[in-house]
Amino acid sequence: MNNEEKQPSSLESLRSELNGINRQLLELLSRRAETVREIGRIKEKQGGPEFDPVREQEMLTELVAANPGPFDDKTIRHLFKQIFQASLDLQVQERKKELLVSRRVRKEDTTIQLGSTVIGGGRPVMIAGPCSVESYEQTRAAAAALKAAGVTVMRGGAFKPRTSPYDFQGLGIEGLRILKEVAAEFGLKTISEIVDPAHVELAAEYIDVIQIGARNMQNFELLKAAGGVKTPILLKRGLAATIDEFLNAAEYILAGGNSQVMLIERGIRTYEKATRNTLDISAVPILKQESHLPVLVDVTHSTGRKDIMAPCAKAALAAGADGIMVEVHPNPAVALSDAAQQLDIPQFERFMADVRSSGLLKDGVLA
Ligand code: PEP
Ligand code: MN
């Protein structure tokens, strides 16, 4: 250093020196961040965790040992911990993958084509049918009425996940066979729940959409099996699943290679006893925002109450739902499952008329 530089500096020149140091620090911090990123990429390839506490401790010890002052060791530790944390955040951010179900990955709505019916294409769909396929006659009677009411997609459970092992468990494959035969007669598309991963491939021979029920939303082997076929999947929200868990469950199916997935809100468990479950209407616009997948609302299992199904269906449509699911039985009094909450045919006709007249449908038509 020459004599001139050793002269006491003016405030101005000290300030400009400080600015220069700030920029150097910034440059060094940016270089450090780049190096950390590089390390992060190598670690990711090796499958290691981002955070290595031993390594962080070593770096801090080395820095404190080399501390020339005037900052005390505690301050040096504090400052560098902040820098380490910022670097770790950077690594975590880099590793965080966007989900395939996310709108950030795909801007356009996913649509599911079922014959001439398109789900998610802007015209809401009404999916109706009995809780369970009980017999050929019962299924045929339901189908005839649904067809007459303009329904194109019929539901009917063949494998019933029941709370009690002593309750009707469904007709199994025979139920799927009945559904297929009846649907062919009336030109309807069908949805039915599959509970066993071993049945996922076989299901395509009988039905058009595989339903994965609320109780199986996190049955990961079933989700993986659903990802391995081309059949559209209707995934129900788990009884106590968060929206994040719901989307991650759908992600399993997309990650497996099947992008034909629909989400259905069917009510969640809360302390409220006035309804069977609590219909989470807010989930509809959130799911629509977060994901490109069609979002439907099951007004039967969410409310469990016939008297409020129409207003709840309207609320769902107003919130942006791509469709409604409702259970309809030709004679609910003798239904083998969910007898109390299935609509009979005249009730369904009134329900349809009510929803159609709500002004929530483009042209008063439910697909
Ligand atoms: C069903 O839709 O038949 C059913 C059992 O519903 P969830 O899985 O929503 O209880
Ligand atoms: Mn039911």
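Is D338 buried or exposed in this model? At 17% relative accessibility D338 counts as buried, where buried means under 20% relative accessible area, exposed means over 50% and partly exposed covers what lies in between, with a 1.4 Å probe and protein chains only.

Before I go on, a word on conventions: this is a predicted model, in which local features need pLDDT of at least 70 and side-chain atom pairs count only at pLDDT 80 or more, while totals for chains, interfaces and linings use all residues. Residues are numbered from 1 along each chain as its sequence is written, chains are lettered from A and ligands numbered from 1 in the order in which they are written, and side-chain values use heavy atoms, with hydrogens and water left out.

Let me start with the chain as a whole. The chain has 13 helices and 10 strands, taken as DSSP runs numbered from the N terminus, with helices being H or I runs of at least four residues and strands E runs of at least two. The radius of gyration, taken over C-alpha atoms, is 29 Å, whereas a compact globule of 367 residues would have one near 21 Å, by the rule of 2.2 Å times the number of residues to the power 0.38. Along its principal axes the C-alpha trace spans about 105 × 45 × 40 Å, and 44% of the 367 residues count as buried. Of the contacts with a separation of 6 or more, 70% come from residues 24 or more positions apart, a contact being heavy atoms within 4.5 Å.

Now to the metal site. For the manganese ion (ligand 2), the protein donors are C131 (SG), H301 (NE2), E327 (OE), E327 (OE) and D338 (OD), at 2.0 to 2.8 Å from it; donors here are N, O and S atoms within 2.8 Å of the metal (3.2 Å for Na, K and Ca), and water is not among the atoms, so sites may look incomplete. Along the chain these donors follow the spacing C-x169-H-x25-E-x10-D. Because H301 lies in helix 11 (residues 299–303) and E327 in strand 10 (residues 323–327), this pair ties together parts that are 26 residues apart in sequence. H301 is buried at 8% relative accessibility, and E327 is buried too, with a relative accessible area of 0%.

Returning to D338, this residue sits in the loop between strand 10 and helix 13 (345–356), and its phi is positive, about 45 degrees, although D338 is not a glycine. Most residues other than glycine have a negative phi, and most peptide bonds are trans. On the second point, the peptide bond from G69 to P70 is cis, with omega near 5 degrees, and P70 lies in the loop between helix 3 (53–65) and helix 4 (73–95).

Two further buried residues deserve a look. V151, in the loop between helix 5 (136–148) and strand 4 (153–155), has a relative accessible area of 2% and, not counting residues up to four places away in sequence, touches M126, A128, L146, L188, F348 and M352. V151 and L188 are 37 residues apart in sequence, yet 8.0 Å apart in space, C-alpha to C-alpha. L317, in helix 12 (residues 309–318), is buried at 9% relative accessibility, and its contacts, leaving aside neighbours within four places in sequence, are P124, I324, V355, L360 and L361.
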